[in-house]
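Colleague: I'm new to this one, so could you walk me through it? Let's have it on screen first.

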Amino acid sequence: MNDIDRELAIVSLYPRDMNIYGDRGNVLSLSRRAAAHGFSPRVVDVNPGDPLPDTIDIIVGGGGQDSGQGRVALDLAQRADQMRTLADDGVPMLMICGLYQLFGHRFITHAGDELTGIGVLDVETLGGTERMIGNVVLDTEAFGEIIGYENHSGSTQLGPGSAPLGRVVQGAGNAPGAGVEGARTANVIGSYLHGSLLPKNPALSDFLIGEAARRRYGSFTPVAATPDTVLRARESAKRRPR
Ligand code: GLN
């Protein structure tokens, strides 16, 4: 079978409530990149109350205001066992900002409300009054240099069950002074870097696609090149002051 005949089912988790700072860009970019590698991507939006599809290859979720997180937290809690089973089975997942926080153990808002997370990532988050906003550059072992944009007030602490996604070269990352950004447990990645993350970092898309393809089809042969437009966008993100 050619990769061209191979479907990849991408679940976009809670796009109605959790989709700010261009988070839909991650889904679009992943889908385009999968097609460039010769797959037939199929994006399934899952909002609160919707069933998860029978076949899931990749799950991507975005960020939102504290109020949006409140709207999805209960629905997510009801899917906690299913999400843990999928994560344990190696389904690659990328959770940004608000859902990064809810994939951890808990998020306590700056108003003191506690939102219970599903604990797929070993992190917990405390809301603050100071916002961390701006372009971010990370140094990562797995994906090389990562470029992104953050906008959050939550400060996230990692436990021993998750490794940071990368070391902060520019920006704040998980918390003021933390020096690290994001979290990873096996194939599940959480990050504060929003909807320009996958468009600007094809290596990360290729990781998600590659893990998904190997899990479902037993192999992955990357063929897509990195377009010049992406290389230029990465350079300009590094130049722009915070
Ligand atoms: N409410 C969370 C915070 O500010 C998440 C925000 C976001 O998803 N950008 O920390």
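Colleague: Which residue in E2 is the bridge partner of Leu8?
Modeller: Keep in mind that this is a predicted model. Leu8 has its bridge partner in E2, and that partner is Pro41.

Colleague: How many bridges join strand E1 to strand E2?
Modeller: E1 covers residues 7-13 and E2 covers residues 40-46. The two strands run parallel, and helix H1 (residues 24-36) joins them in a right-handed β-α-β unit. The number of bridges between E1 and E2 is seven.

Colleague: Now the ligand. Which element gives the most to the shell around it?
Modeller: Among the residues around the ligand are Ile20, Asp66, Cys97 and Gly98, and Asn151, His152, Ser153 and Gly154 belong to the surroundings too. Helix H4 (97-102) and strand E8 (144-158) each supply at least two residues of that shell. With four residues, the top contributor is E8.

Colleague: How many residues of the shell are charged?
Modeller: The shell divides by type, with two nonpolar residues and nine polar ones. That leaves the charged group, which has one.

Colleague: What about Arg131: is it buried or exposed?
Modeller: Arg131 sits in strand E7 (residues 123-140), and the unreviewed UniProt entry annotates it as "binding site". A residue with 12 or fewer other C-beta atoms within 10 Å counts as exposed. Arg131 has 12 of them, so it is exposed.

Colleague: And which residues is Arg131 in contact with, leaving aside its neighbours within four places in sequence?
Modeller: You've met these names already, as they also surround the ligand. For Arg131, the contacts are Asn151, His152 and Ser153.

Key: Residues are numbered from 1 along each chain as its sequence is written. This is a predicted model: local features need pLDDT of at least 70, side-chain atom pairs count only at pLDDT 80 or more; totals for chains, interfaces and linings use all residues. A residue is near a molecule or strand if its C-beta atom, placed from the backbone, lies within 6 Å of it. Ala, Val, Leu, Ile, Met, Phe, Trp, Tyr, Cys and Pro count as nonpolar, Asp, Glu, Lys and Arg as charged, and the others, Gly among them, as polar. UniProt positions are given in the numbering used here, feature names are shortened, and annotations may be inferred rather than shown by experiment. A residue is buried if 20 or more other C-beta atoms lie within 10 Å of its own, exposed if 12 or fewer, and partly exposed in between; C-beta atoms are placed from the backbone. Two residues are in contact if their C-beta atoms, placed from the backbone, lie within 7 Å. Two strands pair if DSSP finds at least two bridges between them. A crossover is right-handed if, with the strands pointing away from the viewer, the path from the first strand over the helix to the second runs clockwise.
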